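Please find below my notes on the structure, set out as numbered points for reading alongside the coordinates.

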Amino acid sequence: MAATAILLLLLAAVSPCDGGATKYTVGESDGWTIGPNYDTWSQQYNFTAGDTLAFNYVPVLHDVYQVIQDAFRTCQPAVGQTVRMWASGSDVVDLAAPGDYYFLCNAPGHCFGGMKFSVSVAVSVATPPLTEFAQGRMHQ
Ligand SMILES: *[C@@H]1O[C@H](CO)[C@@H](O)[C@H](O)[C@H]1NC(C)=O
């Protein structure tokens, strides 16, 4: 009995949650570089809160900046217009909250060269609204 319980626990732990977080690899096998059309790439998917983006690139050549919309338009983040940045070459970026996210490579000319895209992250449907839970408990 105990062994069965442990097995079930293990299975539950390794099974991917239905409708849970998805990891998207930016540019698929091309990675994050000059050349691919990242608008086309990002438009293939509907992102929801909790998903992650994996950026793979040569760290000497590129980086990843999450910026505000103004900086996304100009391709030149000014002081205070960068939300987060990464430069390891193998970065996993969490899209924890719903909203619009703007990404670009801040190496000179690369954003103008096409290394930019935005994603609209929707509320995760997998998470039941908290109010329903709270109300259900109160009426029990
Ligand atoms: C994204 O959402 C739209 C609108 O709900 C839907 O038509 C489309 O099939 C979805 N795309 C994917 C890849 O799930």
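1. A convention is needed before the rest: a residue is called exposed if 12 or fewer other C-beta atoms lie within 10 Å of its own, buried if 20 or more do, and partly exposed in between. By that rule E28 is exposed, because 11 other C-beta atoms lie within 10 Å of E28. E28 sits in the loop between β1 and α2 (38–42), and its phi is positive, at about 50°, although E28 is not a glycine. For background, most residues other than glycine have a negative phi.

2. Please keep in mind throughout that this is a predicted model. The average pLDDT of the chain is 85, and 76% of the residues score at least 70. Residues 6–18 deserve separate mention, since pLDDT stays under 50 over that stretch and the model has 0 contacts there beyond four places in sequence. I would ask that any description of the fold keep residues 6–18, with their pLDDT under 50, apart from the rest.

3. As to the overall layout, the chain holds 4 helices and 8 strands, and from the N terminus on the elements follow the order α-β-α-β-β-β-α-β-β-β-β-α. Of the 140 residues, 21% count as buried. Among the contacts with a separation of 6 or more, 71% are between residues 24 or more positions apart.

4. One of the sheets is open and made of 3 strands, in the order β1-β3-β6, with mixed pairing. Its edge strands are β1 (23–25) and β6 (90–95), each of which pairs on one side only, and neighbouring strands of this sheet are turned against each other by 25° on average, with direction ignored. The β1 and β3 strands run parallel and are joined by 3 bridges; T25, for instance, has A54 in β3 as its bridge partner.

5. Is L53 buried or exposed? L53, which belongs to strand β3, counts as buried because it has 24 C-beta neighbours inside 10 Å, where the cut-off for a buried residue is 20 or more. Leaving aside residues up to four places away in sequence, L53 touches Y24, V26, V93 and L95. L53 and D91 are 38 residues apart in sequence, yet their C-alpha atoms are 8.0 Å apart in space.

6. Another open sheet has 5 strands in the order β2-β8-β7-β4-β5, again with mixed pairing. Here β2 (47–48) and β5 (82–86) stand at the edges with a single partner strand each, so one side of each is left without a neighbour in the sheet. Within this sheet, β7 and β8 run antiparallel and are joined by 6 bridges, and G99 stands opposite V121 in β8. The pairing of β4 with β7 is also antiparallel, over 3 bridges, and V67 has Y102 in β7 as its bridge partner.

7. Which residues have the most contacts inside the largest nonpolar core? They are W32, F103 and L104, in a core of 21 residues. At least two residues each come from β3 (51–56), β4 (64–67), α3 (69–74), β7 (99–104) and β8 (116–122), and β7 gives the most, with 4 residues. As a general matter, nonpolar side chains in soluble globular proteins tend to be buried together.

8. W32 merits a closer look when the core is inspected. Not counting residues up to four places away in sequence, W32 touches V26, G27, F55, N56, Y57, H62, V64, C105 and M115. One of these, V26, is also touched by L53, a residue of strand β3.

9. A final backbone point concerns C75, which lies in the loop between α3 and β5. Phi of C75 is near 65°, a positive value in a residue other than glycine. C75 counts as partly exposed because it has 17 C-beta neighbours inside 10 Å, whereas E28, with 11 other C-beta atoms within 10 Å, is exposed.

Key: Residues are numbered from 1 along each chain as its sequence is written. This is a predicted model: local features need pLDDT of at least 70, side-chain atom pairs count only at pLDDT 80 or more; totals for chains, interfaces and linings use all residues. A nonpolar core is a set of buried Ala, Val, Leu, Ile, Met, Phe, Trp, Tyr and Cys residues joined through C-beta atoms within 7 Å. Two residues are in contact if their C-beta atoms, placed from the backbone, lie within 7 Å. pLDDT is the predictor's confidence in each residue, from 0 to 100. Two strands pair if DSSP finds at least two bridges between them. Axes are lines fitted to C-alpha atoms, for helices over the stretch in contact, and angles run from 0 to 180 degrees between N-to-C directions.
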